[in-house]
Amino acid sequence: MATVNENYLSLQGSYLFSTIAKKVREYEETHPDANIIRLGIGDVTKPLVPAVIDALHKAVDEMSSALTFHGYAPDLGYDFLRSKIAENDFKARGIDISSDEIFVSDGAKSDTSNIQEIFAADSKVAVCDPVYPVYVDSNVMAGRAGEFDSDLMAYKRLIYMPCTKENDFVPELPKETPDLIYLCFPNNPTGMAITKERLQGFVDYALKHNAVILYDSAYEAYISDPSLPHSIYECAGAKECAIEFRSFSKNAGFTGLRLGFTVVPKDLKLSGTSLHSLWARRHGTKFNGAPYIVQRAGEAVYSPEGKEQVKKQVLDYLKNASFLKAGLEKAGFTVFGGENSPYIWLKTPNDMTSWDFFDLLLSKVNIVGTPGSGFGRSGEGYFRLTAFNTFENSALAIERIKAASLL
Ligand code: PLP
């Protein structure tokens, strides 16, 4: 008799974005003239840059001739892309990562959720709170999270590391020792970055306790403070204790194309077993390679024109972020993030709950954001806005917020 994987029954419903959509739909039905500004979206809105579009066209043409057609891509990615990544993202920053330590994939969501498969089923997992939900849910599916405690809003076997304004939204080193530590900086949802010194603290801790850090750097392109680390491998010893995830989604607008990569250094071993070999085995067994045309598009991101064009896009989003941040501060809000990230994390006024503030913002100024409590217990009392809408809409949102008395 077939039975289901009961771990899936422990998953909490993913109500956040469906509840938001439902509330917005209901509001639109009763207020058909409302011009709603959506600042809740985590998806990019700008089109792919010309260098990427040219590369896509060229690659599509190649697929039309038997001489230049490409079938299955190499499991781990084409060398033309892996070498560009190693050169530009790592060597150019003085980081010693070689192209064969890079595993090309269809995005960071797949990799950050699949990586747990190469670790023991009873591994103790630590996550930030608030958190990008994929890290939690993939471990729930694998049976590592234990039961959900609905009073505590937490899984009993997970270690939650609160990120609050008291610790600058960078967690303290956990007291209970985990085997796996998920970190994401610049962070989704708080928009806050980590200093090299604090990151080194995590690396030293992982080395001391034989833990592995799973470092999600999907938003590294938004780092504008030159003192901040773009990669965990800027920290001494990280190649012996960390795996890093990158994405082409937010730096180059590939959310619909799908491309990312994971770095598993060859020096990373657990009891003598190479995680590089395990991940290569897993990748080769369960993934048949990112499409040739998409990898060519990824290569174009590293061309001189491509680099310039994607940099401009990121700067445009960052301009929205700093405009939103400054405008909200002028309107009297306490605001975090938005400097090295497309995300703004604002404190709700007068100790309102995140959902009450959602309702207030929607009804009073027709702006949609994301309640912080949807990302975890420590997100309660916070609210996420994103810089991915147009500058005009971001400016209009601030105009409305300033004109309304929300405090
Ligand atoms: N990691 C974080 C922290 C994210 O916020 C996102 C997407 O929003 C992803 C990973 C997913 O990236 P990708 O589009 O490459 O799957």
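In which loop is P189 found? I open with that detail and shall return to it after the ligand and the empty spaces. Please bear in mind throughout that this is a predicted model. As for the answer, P189 belongs to the loop between β7 and α6.

Let me begin with the ligand. Its surroundings comprise 14 residues, and D216, Y219, S247, S249 and R258 are the closest of them. Sorted by class, this shell holds 6 nonpolar, 4 polar and 4 charged residues. Two helices each supply at least two residues of the shell: α4, residues 108–114, and α7, residues 249–252.

Three polar distances deserve mention. In the side chain of Y219, an N or O atom is 2.6 Å from an oxygen atom of the ligand. For R258, the distance between an N or O atom of its side chain and a ligand oxygen is 2.7 Å. With A108 the partner is a polar backbone atom, 2.8 Å from an oxygen of the ligand. On its own, the ligand has 400 Å² of accessible area, and the protein covers 91% of that.

Where does the ligand lie with respect to the pockets? The space that the ligand takes is the largest pocket. That pocket contains about 1600 Å³ of space. Its lining consists of 50 residues, with L16, F17, Y132, P133 and F375 nearest the centre. The lining divides into 25 nonpolar, 15 polar and 10 charged residues. Several elements supply at least two lining residues each, namely α1 (15–30), α4, α5 (133–141), β5 (154–155) and α7. Helices α4 and α7 thus appear in the lining of this pocket as well as in the shell around the ligand.

I turn to the second largest pocket, whose volume is about 610 Å³. It is lined by 22 residues, and D89, R93, E220, A221 and N251 are the closest to its centre. Two or more lining residues come from each of α3 (79–90), β9 (242–247) and α10 (304–330). Helix α10 gives the largest share, 6 residues. By class, the lining has 11 nonpolar, 5 polar and 6 charged residues.

Next, the enclosed space. Rolling a probe the size of a water molecule over the atoms shows where empty space is left. How many cavities of 30 Å³ or more does the count give? The count comes to 1, and the largest cavity holds about 30 Å³. Its lining is formed by C128, V131, Y132, Y135, Y182, L183, C184 and N187. Of these residues, 7 are nonpolar, 1 is polar and none is charged. Strand β7, residues 180–184, contributes the most to this lining, with 3 residues. Y132 lines this cavity and is also among the residues nearest the centre of the largest pocket.

Finally, the backbone. Most residues other than glycine have a negative phi, and most peptide bonds are trans. Against that background, three places stand out. The peptide bond from F185 to P186 is cis, with omega near -10°, and P186 lies in the loop between β7 and α6 (196–209). A cis peptide bond also joins N188 and P189, where omega is about 15°; this is the proline of my opening question, found in the loop between β7 and α6. The third place is F169, which is not a glycine yet has a positive phi of about 65°. F169 is located in the loop between β6 (158–162) and β7.

Technical notes: Residues are numbered from 1 along each chain as its sequence is written. This is a predicted model: local features need pLDDT of at least 70, side-chain atom pairs count only at pLDDT 80 or more; totals for chains, interfaces and linings use all residues. Side-chain values use heavy atoms; hydrogens and water are left out. A residue is near a molecule or strand if one of its heavy atoms lies within 4 Å of it. A polar contact is a pair of N or O atoms within 3.5 Å; within protein, one must be able to donate a hydrogen and the other to accept it, and residues adjacent in sequence count only if both atoms are side-chain atoms. Accessible areas come from the Shrake-Rupley method with a 1.4 Å probe; for residues, only the protein chains shown count as cover. On a 1 Å grid over the protein atoms alone, a cavity is a set of points where a 1.4 Å probe fits but cannot get out, and a pocket is an open set with protein on both sides within 12 Å along at least five of seven lines; lining residues have an atom within 4 Å of a point. A molecule sits in a cavity or pocket if more than half of its atoms lie within 2 Å of its grid points. Helices (H or I, at least four residues) and strands (E, at least two) are DSSP runs, numbered from the N terminus. Ala, Val, Leu, Ile, Met, Phe, Trp, Tyr, Cys and Pro count as nonpolar, Asp, Glu, Lys and Arg as charged, and the others, Gly among them, as polar. Grid points are joined across faces, edges and corners, and a volume is the space filled by probe spheres set on the points.
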